[in-house]
Each structure stands twice: as C-alpha cells, then as structure tokens.
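Thanks for sharing this one. Please have a look at the structure below, and then read my notes alongside it.

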Amino acid sequence: QVQLVESGGGLVQAGGSLRLSCAASGRTFSSYTMGWFRQAPGKEREFVAGNTWNGGNTYYADSVKGRFTISRDNAKNTVVLQMDSLKPEDTAVYYCAAASHRWLSNVNVAATYNYGYWGQGTQVTVSS
C-alpha cells in the first residue's frame, strides 16, 4: 500500500514557476514508477510526466517538454515536479500517482490504468 500526498500548488502568473511535491508512505517507494497527471475542468485526466524506479527513465508529455522536470528521491520517498514557464493552459488539478512497476515504457507510463495509487490532487492556476 502506498499513500500519496501532494503539495505546492497555487496561483501564479504566466511565465512563472511552481514546484509540486509528492510525499509517499511505505517502505517500497523505489519499487514504483511515479507519474504526474493533470485534469482541467471538463477534460480527461492527462499524463504530464513520469519516471521509473531509480529515475533513470523520464518521460514527458509534448505539451510540457522543456518546461517541466520530474525528479525523485527514493531515500526521502518523494517525487517532485518543477514547473517553469507556466502557461494559462497548464491550469488544472495535478495528481501524483504510483504504478506497481519498477519500469514502464513510454507508452505505458502515460496510461492511467497502470497506476494503482493516487494522491488527492493539488490545484495549479496560471493567470494570463
């Protein structure tokens, strides 16, 4: 069992930055692929970024590539999403998720059905 708690959301102007953190409970954090997803009002939940058990493989949605960075610290059971150059279209509720796989391909890392654990979400609002 893994429990995930996100923090760091808020309101920021376009062009600004936010840093989201996800704290995970449990002693097997390094066994999980971790992902960040987001959901805007009226839209489906979409993949943002993910990395495999040791951070050796990282994946990004095209819409955030070059602006967002995912990282993890297995010793601290945390995964971080650094978001720079934010745009109004990044506004959404951001969710941290854990998949019970140490490694996922670039296709499977983006599929919500591969993630069995989800945080409660944190709101990110980017004003123009």
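Here are some points on the overall fold, followed by three residues to look at.

1. A reminder to begin with: this is a predicted model. The protein chain has eleven strands and zero helices. Following the sequence from start to end, you will read the pattern β-β-β-β-β-β-β-β-β-β-β.

2. On overall dimensions, the radius of gyration of the protein chain is 13 Å, which agrees with the value near 14 Å for a compact globule of 128 residues. Along the principal axes, the C-alpha atoms occupy a box of roughly 40 × 25 × 25 Å.

3. How much of the protein chain is buried? Buried residues account for 45% of the 128 residues. As for the outside, the accessible surface is about 6400 Å², and carbon and sulfur atoms contribute 47% of that.

4. The contacts reach well along the sequence. If you take those between residues at least 6 apart, 60% of them link residues at least 24 apart.

5. A quick word on charge: the protein chain carries 11 positive side chains and 8 negative ones. The centres of these two sets are 7 Å apart.

6. Arg38 deserves a close look. This residue belongs to strand β4 (residues 33-39), and Arg38 counts as buried because its relative accessibility is 5%, with the cut-off for buried being under 20%. Which side chains does the side chain of Arg38 meet in polar contacts? One is that of Glu46, at 2.6 Å, and another is that of Asp90, at 2.9 Å.

7. Staying with Arg38, its surroundings beyond neighbours within four places in sequence include Glu44, Arg45, Val48, Ser63, Val64 and Phe68. Glu89, Ala92, Val93 and Tyr94 are also among the contacts of Arg38.

8. Two backbone angles are worth checking by eye. Most residues other than glycine have a negative phi. Asn77 is not a glycine, yet has a positive phi of about 55°. You will find Asn77 in the loop between β7 (68-73) and β8 (78-83). Is Asn77 buried or exposed? Asn77 is buried, because its relative accessible area is 16%, and buried means under 20%.

9. The second angle is at Ser85, also not a glycine, where phi is positive at about 50°. Ser85 sits in the loop between β8 and β9 (92-99). With a relative accessible area of 42%, Ser85 is partly exposed, since that class lies between the 20% and 50% limits.

Key. Residues numbered from 1 in each chain as written. Predicted model: local features only at pLDDT ≥ 70, side-chain atom pairs only at ≥ 80, totals over all residues. Heavy atoms only, no water. Helix = DSSP H or I, 4+ residues; strand = E, 2+ residues; numbered from the N terminus. Rg over C-alpha atoms; globule rule 2.2 N^0.38 Å. Buried < 20%, exposed > 50% of the residue type's maximum accessible area, 1.4 Å probe, protein only. Contact = heavy atoms within 4.5 Å. Areas by Shrake-Rupley, 256 points an atom, 1.4 Å probe, with all protein chains shown as cover. Lys, Arg positive; Asp, Glu negative; His and termini not counted. Charge placed at Lys NZ, Arg CZ, Asp CG, Glu CD. Polar contact = N/O pair within 3.5 Å; in protein donor to acceptor, adjacent residues only side chain to side chain.
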